[in-house]
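Open the model in your viewer and keep the sequence panel visible. This tour tells you what to select next and what is there.

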Amino acid sequence: MTRPELSVARAFADLADALVDDFDLIDFLHLVAVRSQQSLGVDAVGILLADNHGGLNVVAASSEAARLLELFQLQAAEGPCLECYLSGTTVSSPDLAAEARWPRFVTHALKAGYRGVHAVPMRLHDTTIGGIDCAR
């Protein structure tokens, strides 16, 4: 097994172990963020989920820096995960220095040391319920 394959296998084993009768959803999502960051080889992963009123909330992050980046997105009301959630489609910006869609987010992300981001929608059946951001 190659190193990436082993990393993914360990991630799935850890996630399966977490799904016990009394599992905590926030702890589980934090594990998803951390294992995703490790398996994908990115610098940060954040997870935003919608509440009952459609507002997004940071529910998990692979690090404090990732959590702060997600919070900044929510405060600035712009960024890849918000766009991903609203459109229901994957949003990518491999070069933030050339990105014009989210000027405040880009400034903050670049200052934090991130160069690119990708956001993938989270769905429950046909409904987008949030998004996962990966930054490098």
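Select S93 first, together with the residues it touches. Apart from neighbours within four places in sequence, S93 is in contact (heavy atoms within 4.5 Å) with E99, R101, W102, R115, G116, V117 and H118. S93 belongs to strand β3, residues 91-93. Helices (H or I, at least four residues) and strands (E, at least two) are DSSP runs, numbered from the N terminus. S93 has a relative accessible area of 3%, so it is buried. Buried means under 20% relative accessible area, exposed means over 50%, and partly exposed lies in between, with a 1.4 Å probe and protein chains only.

Before going on, note what kind of model this is. It is a predicted model, in which local features need pLDDT of at least 70 and side-chain atom pairs count only at pLDDT 80 or more, while totals for chains, interfaces and linings use all residues. Residues are numbered from 1 along each chain as its sequence is written, and side-chain values use heavy atoms, with hydrogens and water left out.

Now zoom out to the whole protein. It has 5 helices and 5 strands, and along the sequence they follow the pattern α-α-β-β-α-α-β-α-β-β. Of the 136 residues in the protein, 40% are buried. Among contacts with a separation of 6 or more, 48% join residues 24 or more positions apart.

Next, show α3 (64-76) and α4 (80-87). Their axes are 8 Å apart, and the two helices pack at an angle of about 65 degrees. Axes are lines fitted to C-alpha atoms, for helices over the stretch in contact, and angles run from 0 to 180 degrees between N-to-C directions. On the α3 side, select E70, Q73 and L74; they meet P80, C81 and L82 of α4. The residues of this contact divide into 4 nonpolar, 1 polar and 1 charged. Here Ala, Val, Leu, Ile, Met, Phe, Trp, Tyr, Cys and Pro count as nonpolar, Asp, Glu, Lys and Arg as charged, and the others, Gly among them, as polar. Within α4, the residues P80, C81, L82, C84 and Y85 are buried. Just after α4 comes G88, with a positive phi of about 75 degrees.

Stay in the loop between α3 and α4 and select A77. What is the phi of A77 near? It is near 55 degrees, a positive value in a residue other than glycine. Most residues other than glycine have a negative phi. A77 has 58% relative accessibility, so it counts as exposed.

In the same loop, select E78. Is E78 buried or exposed? With a relative accessible area of 11%, E78 is buried. Leaving out neighbours within four places in sequence, its contacts are Q73, W102, P103, R104 and F105. Show the backbone nitrogen of R104: a polar atom of the E78 side chain lies 2.5 Å from it.

R104 leads to helix α5, residues 103-111. Show α5 beside α3: their axes come within 9 Å and cross at roughly 160 degrees. The two helices are therefore roughly antiparallel to each other, a term for angles over 145 degrees. Their crossing is right-handed, meaning that the near helix is turned clockwise from the far one by less than a right angle. Select L68, L69, F72, Q73 and A76 of α3, then R104, F105, H108 and A109 of α5; these residues make the contact. They divide into 6 nonpolar, 2 polar and 1 charged.

While on α5, select T107. At 42% relative accessibility, T107 is partly exposed. Add A97 to the selection: T107 and A97 are 10 residues apart in sequence, and their C-alpha atoms are 8.6 Å apart in space.

Move on to the loop between β4 (117-124) and β5, and select H125. The phi of H125 is near 60 degrees, another positive value in a residue other than glycine. H125 is exposed, with 73% relative accessibility.

The last stop is T128, in strand β5, residues 127-135. T128 has a relative accessible area of 19% and is buried. Beyond neighbours within four places in sequence, T128 is in contact with Y85, G88, P121, M122 and R123. Finally, add S87: T128 and S87 are 41 residues apart in sequence and 8.8 Å apart in space, C-alpha to C-alpha.

Methods: A polar contact is a pair of N or O atoms within 3.5 Å; within protein, one must be able to donate a hydrogen and the other to accept it, and residues adjacent in sequence count only if both atoms are side-chain atoms. Angles under 35 degrees count as roughly parallel, over 145 as roughly antiparallel, 65 to 115 as roughly perpendicular and the rest as oblique.
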